[in-house]
Amino acid sequence: MPAKMDAAELSRMLGDWAQPGRLLPEALAAGLLELIDVGFAPAGSVLPAQRDCAAALGVSRGTVGAAFADLEARGYLASTVGSGTRVRSGRAAPATDGRLFSFTHSAPGVIDLSTGALPASEVARQVLTAGVSGLDAYLDTDGYFPAGLPVLRQAIADRLTRDGVRTVPQQVLVTNGAQQATYLALRALVSPGDLAIVEDPTYRGGLEALRLLGARVQGVPVGPGGMDLNLLGHALDQRPAVLYCQTGIHNPTGTTTDHDHRAEIGARAVEAEVPVIEDCCSYDLTRGGGVARTLAGHVDDDLLVMIGSLSKLFWGGLRVGWIRAGRSRIRGILELRKAEDLATSVMSQLLATRLLGRAEEARKERRRMLASRLSSTVRVVREVFPGWRWEPVRGGTGLWIDSGGDVLALAEAAKRAKVRLAPGPSFSPHDGQRTMLRLPLWHEPDVLEEALGRISAHE
């Protein structure tokens, strides 16, 4: 049975939702949409009856009905006679102020700690501000290269090969960022109603894509060493359509799977003949030298789809990601891509090609920056919230913190203090991780100290 929200709890989470100069139904719809976007009202949950909502919020039933109708028309809610109103955010079009689609848009005075996306690296600044070169050769073409520019596909293949994953350009598809790569890879393997196995917790964008595709999602708990192998075995016995995981640098925990554990995951997936999509977007961001290991070599190319991105290493504004898979799989995903999006910008791809030539330099830069910020973040957190705990991180852009209490209440207190947090339930396929939150590492110490101080004062 889907979880039913309590009207009083909904009112508490909404906080001060009414906005001067804005009609009440419109303001209430915006407040509810924010709860959906950050995962406080997860897909499948049932909202309180309109009468109960109206009483808890101190408004008319007509106001609540108009807000619900607005969100239903936009695809965020579904009303069924006798069953109430259910959140179906996975089927909605992306909101312009949603958590996955506008990371930097915040009201004045708000400190956003909800994303681990990094500012541009110094290497990226140098290359991007110098401008595009080599464009003339492409101006006599139509500009559409659905699989990606050959020069960039070659550069990605070369980079992967140097990193220990032998790759040829025909195994690479360039995308508009890793989120598109994730969606296309999942869409190639998952149909509505199919079972998908994921880690719990996992990357929010992967969960969002699976919900959009109408998949049934089952989570396997992740510990410091990787997925629970016994539960993974039981999950694979159900013949899922796909296993979506991150055995390199895991988002959001920052941990990594050791070699033997990774080999066992690969062996079980191969034995069950279950395709694997591995998110490798953070594998550049290790604390030690080199890149993180992946399932490549443990799972054959005909079963393994790897997702990568230049966002973490260089800059998210570049919007260049990639898919690496077997050639036949790439051809199939390419047809899906052409049906909805013709190609990635030629200018971005030329810049990406130049950036990849400086990948080692960028890795060292990111490693130094994140090591420094990890140290300062740990210091500030221990000063302001000495009771918070976390496992040592092996890489990535955040700390996966156990707050020891109700993280949704903490996030609501943070909202009142004009601080945005990323609570654990938004990373869980089952609305779990109720004491956990992901805290980004890249903020300056004084900004983080200000944000956590505000939260502490509002608890």
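# Notebook: cavities, ring pairs and helix α5

I began with the second largest cavity, which holds about 80 Å³ of space. A reminder to myself: this is a predicted model.

**Entry 1, the second largest cavity.** I looked up which residues line this cavity. One stretch of its lining is I249, H250, N251, P252 and G254, and another is G395, G396, T397 and G398; S282, K312 and R438 are also in the list. I then sorted this lining by class and got 2 nonpolar, 8 polar and 2 charged residues. Glycine counts as polar in this scheme, a point to remember when reading that tally.

**Entry 2, the wider search.** How many cavities of 30 Å³ or more does the structure hold? I found 6 of them. Rolling a probe the size of a water molecule over the atoms is what shows where empty space is left.

**Entry 3, the largest cavity.** Next I turned to the largest cavity, with about 110 Å³ of space. Its lining has 14 residues, and T286, R287, L370, A371 and G396 are the closest to the centre. By class I noted 6 nonpolar, 3 polar and 5 charged residues in this lining. G396 caught my eye, since I had already met it in the lining of the second largest cavity.

**Entry 4, aromatic pairs.** I searched for ring pairs and found 3 in the structure. For Y138 and F145, I noted ring centres 5.8 Å apart and planes at 85 degrees, so this pair is edge-to-face; the cut-off for that label is over 60 degrees. Are Y138 and F145 buried or exposed? I found Y138 buried, and F145 as well.

I looked at F385 and W388 too. Their rings are stacked, with 4.1 Å from centre to centre and 0 degrees between the planes. I checked burial here as well, and both F385 and W388 are buried.

**Entry 5, helix α5.** My last stop was α5, residues 122–130, where I found V123, A124 and V127 buried. Why do I say that they line one face of the helix? Seen down the axis of α5, the buried residues fall within an arc of 95 degrees, so one face is what they line. I like how this fits the usual helix geometry: an α-helix has 3.6 residues a turn, so residues three or four places apart point the same way.

What do these buried residues pack against? I found two partners, α12 (346–356) and α13 (359–384). I also followed the chain just past the end of α5, where G131 takes a positive phi of about 90 degrees.

Key: Residues are numbered from 1 along each chain as its sequence is written. This is a predicted model: local features need pLDDT of at least 70, side-chain atom pairs count only at pLDDT 80 or more; totals for chains, interfaces and linings use all residues. Side-chain values use heavy atoms; hydrogens and water are left out. On a 1 Å grid over the protein atoms alone, a cavity is a set of points where a 1.4 Å probe fits but cannot get out, and a pocket is an open set with protein on both sides within 12 Å along at least five of seven lines; lining residues have an atom within 4 Å of a point. Grid points are joined across faces, edges and corners, and a volume is the space filled by probe spheres set on the points. Rings of Phe, Tyr and Trp (its six-membered ring) pair if their centres lie within 6.5 Å; planes under 30 degrees apart count as stacked, over 60 as edge-to-face and the rest as tilted. Buried means under 20% relative accessible area, exposed over 50%, partly exposed in between (1.4 Å probe, protein chains only). Helices (H or I, at least four residues) and strands (E, at least two) are DSSP runs, numbered from the N terminus. The arc is that of the directions from the helix axis to the C-beta atoms. Contact means heavy atoms within 4.5 Å.
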